[in-house]
Amino acid sequence: MNKRELELLIRHGEPISGLDLSGADLSGVDLGGAIMEKVSFRGANLSGARLKESVLFACHFDGANVSDSDLSFAVMQRCGFVGANLEKANLTKFKFMDGDARGARAAGANLLSATLAESDLSEVDLSGCDLEYTNIVTSITTGMKLDGA
C-alpha cells in the first residue's frame, strides 16, 4: 500500500488493522484522525507526518523516524517507540499509555499537557522539551534525559 492509498482510506474513515508498513517511506503522510490497530511502522520514515487526533492500539514505531511530525491530541495504547526518533515532534496533549519507548529520542519535542502513563520510558531523551503541564504517571523513567526541559 502506498502513501496515497493509505491517506484515502483514512479520509474515508476506514479503520486500519494488521498492516505491515515496516521500512516504508511515509514522510509527510497525512494520517490525521486515523484509527489503527496492530499496524507496524518499524523502521519506517514518518518524518513530517501528520497523525493529529489519531487513535492507535498495539501499533509499533520501533526504530522509526517520526521527527518533525504532528502527533498532537493522538491517543496511543500499548504502542512501541523503542529507539524511535521523535525529535522536534508536536506531542501537545498526546496520550501514551501502557507503551514502550525505551531509548527513544524526543529532544526538542513539544509535550505540552501530554500524558505518559504506565509506560517504559527508560533512557528516553526529552532534552529541551516543553514539558509544561505534562503528566508522567506510574512509568519507568530510569536514565531519562531531561537537560534543559
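This is a short dialogue on reading some local features of a predicted model.

Visitor: What should I know before I start reading?

Guide: Welcome! Because this is a predicted model, local features need pLDDT of at least 70 and side-chain atom pairs count only at pLDDT 80 or more, while totals for chains, interfaces and linings use all residues. Residues are numbered from 1 along each chain as its sequence is written, and side-chain values use heavy atoms, with hydrogens and water left out.

Visitor: Let us begin with the backbone. Which value of phi does Lys38 have?

Guide: The general idea is that most residues other than glycine have a negative phi. Lys38 is not a glycine, yet its phi is positive, about 55°. Lys93, also a residue other than glycine, has a positive phi near 55°.

Visitor: Where are Lys38 and Lys93 found?

Guide: Lys38 sits in the loop between strand 2 (35–37) and strand 3 (55–57), and Lys93 in the loop between strand 4 (75–77) and strand 5 (95–97). Strands here are DSSP runs of E, at least two residues, numbered from the N terminus. Lys38 counts as exposed at 53% relative accessibility, whereas Lys93 is partly exposed at 40%. The cut-offs are these: buried is under 20% relative accessible area, exposed over 50%, and partly exposed in between (1.4 Å probe, protein chains only).

Visitor: How many disulfides are there?

Guide: A disulfide is a covalent bond between the sulfur atoms of two cysteines. In practice, we look for a pair of cysteine sulfur atoms within 2.5 Å. By this rule the count is zero. Cys79 is in no disulfide, and its nearest cysteine sulfur, that of Cys59, is 4.8 Å away. Cys129 is in no disulfide either; its nearest cysteine sulfur belongs to Cys79, 19 Å away. Cys79 is buried, with a relative accessible area of 2%, and Cys129 is buried at 4%.

Visitor: Now the rings. How many aromatic pairs does a search of the whole structure find?

Guide: The rule pairs rings of Phe, Tyr and Trp (its six-membered ring) if their centres lie within 6.5 Å; planes under 30 degrees apart are stacked, over 60 edge-to-face and the rest tilted. The search finds four pairs. One of them, Phe81 with Phe96, is edge-to-face, at 5.8 Å centre to centre and 65° between the planes. This pair links distant parts of the chain: Phe81 is in the loop between strand 4 and strand 5, Phe96 is in strand 5, and they are 15 residues apart. Phe81 is buried at 3% relative accessibility, and Phe96 is buried at 2%. Phe94 and Phe96 form a stacked pair, because their ring centres are 6.0 Å apart and their planes lie at 15°. Ring pairs join Phe41, Phe61, Phe81, Phe94 and Phe96 into a cluster.

Visitor: And polar contacts: what does the side chain of Ser69 reach?

Guide: A polar contact is a pair of N or O atoms within 3.5 Å; within protein, one must be able to donate a hydrogen and the other to accept it, and residues adjacent in sequence count only if both atoms are side-chain atoms. The Ser69 side chain reaches the backbone oxygen of Val66 at 3.1 Å. A polar atom of that Ser69 side chain also lies 3.4 Å from the backbone nitrogen of Gly48. Ser69 is in the loop between strand 3 and strand 4, and at 1% relative accessibility Ser69 counts as buried.

Notes: Helix = DSSP H or I, 4+ residues; strand = E, 2+ residues; numbered from the N terminus.
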